[in-house]
Amino acid sequence: MFKRKLTALDYHNPGGFDCTDETQYRNCIVWLEDQKIRHYKIEERGNLRNIPSSDWPKAFHQYLQDLNCPFGGEQQPEAVDWLLGLAVRYEYGDNGERAVLDKYKNCKPLAAPTNSDKAVDPLLNLDGDSPDFKAGVTALANILKIQRHDDYLVMLKAIRILIQERLSPEAITKASNNREGIPVALDKHVLGFDTGDAVLNEAAQILRLLHIEELRELQTKINEAIVAVQAIIADPKTDHRLGKVGR
């Protein structure tokens, strides 16, 4: 999740960084402040640099507030990802355009898009590292009760699917146009067994009726498929010389 940004910042071990390791996490925060962000003056970084201290979480929480970070200290993955994005922006701003070009001048250019690449997912054009983007996606996920994910683009895709399937005008219209059921007298249908409880017997009868309705819908679809196949194979041409039927 963090390897790309850590690599761009020349972190000493981008592939081995473990956000769940408290020591690695705190050391990374101090490194970002000392080397990249530099929000505090050197003499003001004492509490943040005191990694073993039990008061370090308080100092880190204050640090996030001073940076106007939308995440709290208890949200470790989100907070460090936000700080990495901030450090990347500061790094590029400090180095300037020429330094960035020099740093990545050996990168191979992307292949020219083909006709098959025209239908590109619009989500790919979003800035996934933007703090505002992450805060917005998190807020939407909380409102729609969607499970959190480390990749915010994955969360946004899940939000899009939910809206398309459940909250789009077509989905709402379809849900509001559901057929009204026909009243059914349960006492006229034989269950075939007895659970010993009248309420359970009624529930079993309802489930059986629903199952029968599903079987009828399945049979209708099977009949439609058979008709479609018959329309294709009907009226074959006969070649008596070959002694078989077919086109």
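How many helices and strands make up the secondary structure of the protein chain? Colour the chain by secondary structure and you can count nine helices and two strands. Keep in mind as you look around that this is a predicted model.

**Stop 1: the whole chain.** Start at the N terminus and follow the sequence: the pattern reads α-α-α-α-α-α-α-α-α-β-β. Now switch on the surface. The chain exposes about 18200 Å², and carbon and sulfur atoms supply 55% of that area. Of its 247 residues, 26% count as buried. If you like contact maps, here is one figure to go with yours: among contacts between residues at least 6 apart in sequence, 43% join residues at least 24 apart.

**Stop 2: helix α5 and E78.** Next, select residues 76–103, which form helix α5, and pick out E78 within it. Is E78 buried or exposed? E78 counts as buried because its relative accessibility is 15%, and the cut-off for buried is under 20%. To see what surrounds it, show F71, R148 and Y152: E78 is in contact with these three, leaving aside its neighbours within four places in sequence.

**Stop 3: the second largest pocket.** Finally, select R4, G128, D129, D151 and L153. Of the eleven residues that line the second largest pocket, these lie nearest its centre. Two elements, α1 (3–8) and α7 (152–167), each give two or more residues to the lining. The space inside comes to about 260 Å³. Try colouring the lining by residue type: you should find seven charged residues, three nonpolar and one polar.

Technical notes:
Residues numbered from 1 in each chain as written. Predicted model: local features only at pLDDT ≥ 70, side-chain atom pairs only at ≥ 80, totals over all residues. Heavy atoms only, no water. 1 Å grid on protein atoms, 1.4 Å probe; cavity = no way out; pocket = protein on both sides within 12 Å on 5 of 7 lines; lining within 4 Å. Points joined across faces, edges and corners; volume = space filled by probe spheres on them. Helix = DSSP H or I, 4+ residues; strand = E, 2+ residues; numbered from the N terminus. Nonpolar A, V, L, I, M, F, W, Y, C, P; charged D, E, K, R; others polar. Buried < 20%, exposed > 50% of the residue type's maximum accessible area, 1.4 Å probe, protein only. Contact = heavy atoms within 4.5 Å. Areas by Shrake-Rupley, 256 points an atom, 1.4 Å probe, with all protein chains shown as cover.
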